[in-house]
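User: Please take a close look at one part of this model, the protein surface that meets the nucleic acid.

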There are 2 protein chains.
Amino acid sequence: MKNQFDYIDQQILLKLRSDARKAYSQIAEELKVSNSLIHQRVKKLTETGVIKKADLILDEKKLGYNTKAYVGIRLKEARFATKVVEKLREIKEVTECNYVSGKYAIFALVYAKDNDHLRSVLYDQIHEVDGVGGTDSFICFTTNFDRSVPVVIS
Amino acid sequence: MKNQFDYIDQQILLKLRSDARKAYSQIAEELKVSNSLIHQRVKKLTETGVIKKADLILDEKKLGYNTKAYVGIRLKEARFATKVVEKLREIKEVTECNYVSGKYAIFALVYAKDNDHLRSVLYDQIHEVDGVGGTDSFICFTTNFDRSVPVVIS
DNA sequence: GCTGAAACAAGTAGTGT
DNA sequence: ACACTACTTGTTTCAGC
């Protein structure tokens, strides 16, 4: 598998990333190639796993989530890691979970309705998980930007 | 603006979130409502800003980004914040940037080709920004999960 | 606020170069 | 690897309930 894409691939990815519902026929027209070529390329990009899915980006605040916080989680012992991740997965407010280097074993992203809801998720749910030693929270005041990686690496 | 959606709205959001290119006519069929109702609802959800966009989720590793790190940024003085954010925005490897509570002023997400590229972004770019006092990096070894918030809050 | 129908546009699959 | 054609399916709009 090579990780370089030709001009057509790049343009398809760029155009679909700005609007995943854009008609393939319109992309074809813009790139001055046939309709079916776009279908073939998208199919290939999907089959090779470059395109994972076409997702809908919703406004979390309009859904009622007014608080967002990054949470660093320490473990009592490293061997608890797998089980802790499985428990975190069951907490719907935890949307992201990574093993990381540094002073935390796990780094998670948590969305909550308000500060009280966040407190509840942290202390009634995360702290109750067997093996969790402690947490540090970084509450987001403002999200300045949130975007995707460039398709082509500079 | 109310933040509660009826069954149709919820189902549309759920179905489009699992596949943003799903045909509206198919959603209509599944929900046993008319084709045009789905269009009307999606239009309204988009106009009110609940739906921000239909995006394409790509596999970062297949694009060549093998390193992902959360970076906590300290500032020399709080007044540098706005300017630092604008400089970070120019660094394409920085995909997310938030003002946060706690020991860091800014919390960012950085994607890089490899560890050497990450080092370069951190020390040749972020540390060179005027006002940045220091950084702590949490390098992701594994992303266990990364998902969206539930449409309906439990 | 929702449906239905009709005109139009896009997606799909097969064929050929 | 790409284009062309014919066919199927989805989208859009608007009159009417």
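User: How far is a phosphate oxygen of DNA strand C from an N or O atom in the side chain of B:Ser34?

Analyst: The model is predicted, so local features need pLDDT of at least 70 and side-chain atom pairs pLDDT 80 or more, whereas totals for chains, interfaces and linings use all residues. Residues are numbered from 1 along each chain as its sequence is written, chains are lettered from A and ligands numbered from 1 in the order in which they are written, and side-chain values use heavy atoms, without hydrogens and water.

The distance in question is 2.9 Å, a polar contact (a pair of N or O atoms within 3.5 Å). The side chain of B:Arg41 likewise places an N or O atom 2.9 Å from a phosphate oxygen of DNA strand C. From chain A, a polar backbone atom of A:Tyr24 lies 3.2 Å from a phosphate oxygen of the strand.

In total, 13 residues surround DNA strand C, and the closest include B:Ser34, B:Arg41 and A:Ser25; a residue is near the strand if one of its heavy atoms lies within 4 Å of it. Sugar or phosphate accounts for 70% of the strand atoms within 4 Å of the protein, and bases for the rest.

Among helices (DSSP runs of H or I, at least four residues), α2 (24–31) and α3 (35–47) of chain A and α3 (35–47) of chain B each supply at least two residues of this surface. The largest share, five residues, comes from α3(B). By type, the surface holds four nonpolar, six polar and three charged residues; Tyr counts as nonpolar, Arg as charged and Gly as polar.

How values were computed: A polar contact is a pair of N or O atoms within 3.5 Å; within protein, one must be able to donate a hydrogen and the other to accept it, and residues adjacent in sequence count only if both atoms are side-chain atoms.
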